[in-house]
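Hi there,

Here is the structure I promised to pass on to you. Have a look at it first, and then read on for what turned up.

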Amino acid sequence: MSTIVPRWEWRTFGGDLTAASARLQASGTTGVQASDEVYLLAVLCDANVKIRAGLMDLKQLEQVDGDGLEQWRPVLKAEFPLPAETVTRVFEALGLSAPRLQRPDYTLDQLTAELVQPEPRLRALGVHKTRNRYRMGGCGCELTHVVAEGRAVTTLAVESEDAAAVAQT
């Protein structure tokens with residue numbers, strides 16, 4: 001079993017990213033990836049819970065340093081259908097007790113229709129992303145165009161296991 005190492009991340013949303021975009025493009029892209037995802041949003045917490053490429057993906061915020069960098073630890077990547085115990089774990093990550101589960105496992109459609117939609121403190125949000133990936137300063141960087149409910153925003157992120165490299169980049 002491989003060791004999971006938390007990553008440090010800096011991210012900004014919107015604003016004028018023209019200079020940063022030009023700098024990244026000059027470094028050369030490492031690839032472009034488009035994806036359709038579903039984020040599970042909770043009123044009670046800022047959990048990072050999403051469904052991407054048929055997988056439930058859960059990251060936990062470990063800490064925020066003095067520079068505002070966030071350290072995230074991946075804690076779950078699971079294929080659908082999700083076993084009931086995994087569904088319970090997802091609800092706990094969202095700050096909620098799991099509802100009474102009627103099935104031994106749940107497809108994505110069953111999860112959203114039977115468990116997420118009836119819960120007023122949860123929302124399933126469809127998101128389309130186009131990520132332009134780069135490497136700079138030993139860090140992974142991405143300039144991402146995000147569209148959710150017809151609204152678009154561009155985000156810039158820098159991430160690495162090394163907080164100092166993220167801060168410097």
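How many of the 5 residues of strand 3 are buried? Please keep in mind that this is a predicted model. In it, 4 of the 5 residues of strand 3 are buried, so this strand is largely enclosed by the rest of the structure.

Here is what surrounds that strand. Strand 3 covers residues 48-52 and pairs with strand 2, residues 29-42, in the antiparallel sense over 3 bridges. One pair to look up is Val38 and Ile51, which are bridge partners. The connection between strand 2 and strand 3 is a hairpin that runs through 5 residues. On to strand 4: strand 3 pairs with strand 4 over 5 bridges, again in the antiparallel sense. Here Val49 stands opposite Leu58 of strand 4. Strand 3 and strand 4 also form a hairpin, with 2 residues between them. In that turn you will find Ala53, which has a positive phi of about 55°.

Now for the wider fold. The sheet is a barrel closed by 8 strands in the order 1-5-4-3-2-8-9-10, with antiparallel pairing. On average, neighbouring strands of this sheet are turned by 35° against each other, direction ignored. Helix 1, residues 18-27, packs on the sheet and touches strand 8 (122-136), strand 9 (139-148) and strand 10 (151-160). The direction of helix 1 makes about 55° with that of strand 8. Helix 2, residues 84-93, lies across strand 2, strand 3, strand 4 (55-64), strand 5 (70-79) and strand 8. Helix 2 runs at about 155° to strand 5.

Since you work at the bench, you may also want to know about the cysteines. A disulfide is a covalent bond between the sulfur atoms of two cysteines. With a cut-off of 2.5 Å between the sulfur atoms, the count comes to 0 disulfides. Why is there no bond from Cys139 to the closest cysteine sulfur, in Cys141? The sulfur of Cys139 is 6.0 Å from that of Cys141, which is too far for a bond. Looked at from the other side, the cysteine sulfur closest to Cys141 is in Cys139, at 6.0 Å. Are these two cysteines buried or exposed? Cys139 is buried, with a relative accessible area of 0%. Cys141 also counts as buried, at 5% relative accessibility.

Happy to go through any of this with you.

Best wishes

Note on methods. Residues are numbered from 1 along each chain as its sequence is written. This is a predicted model: local features need pLDDT of at least 70, side-chain atom pairs count only at pLDDT 80 or more; totals for chains, interfaces and linings use all residues. Side-chain values use heavy atoms; hydrogens and water are left out. Two strands pair if DSSP finds at least two bridges between them. Axes are lines fitted to C-alpha atoms, for helices over the stretch in contact, and angles run from 0 to 180 degrees between N-to-C directions. Contact means heavy atoms within 4.5 Å. Buried means under 20% relative accessible area, exposed over 50%, partly exposed in between (1.4 Å probe, protein chains only).
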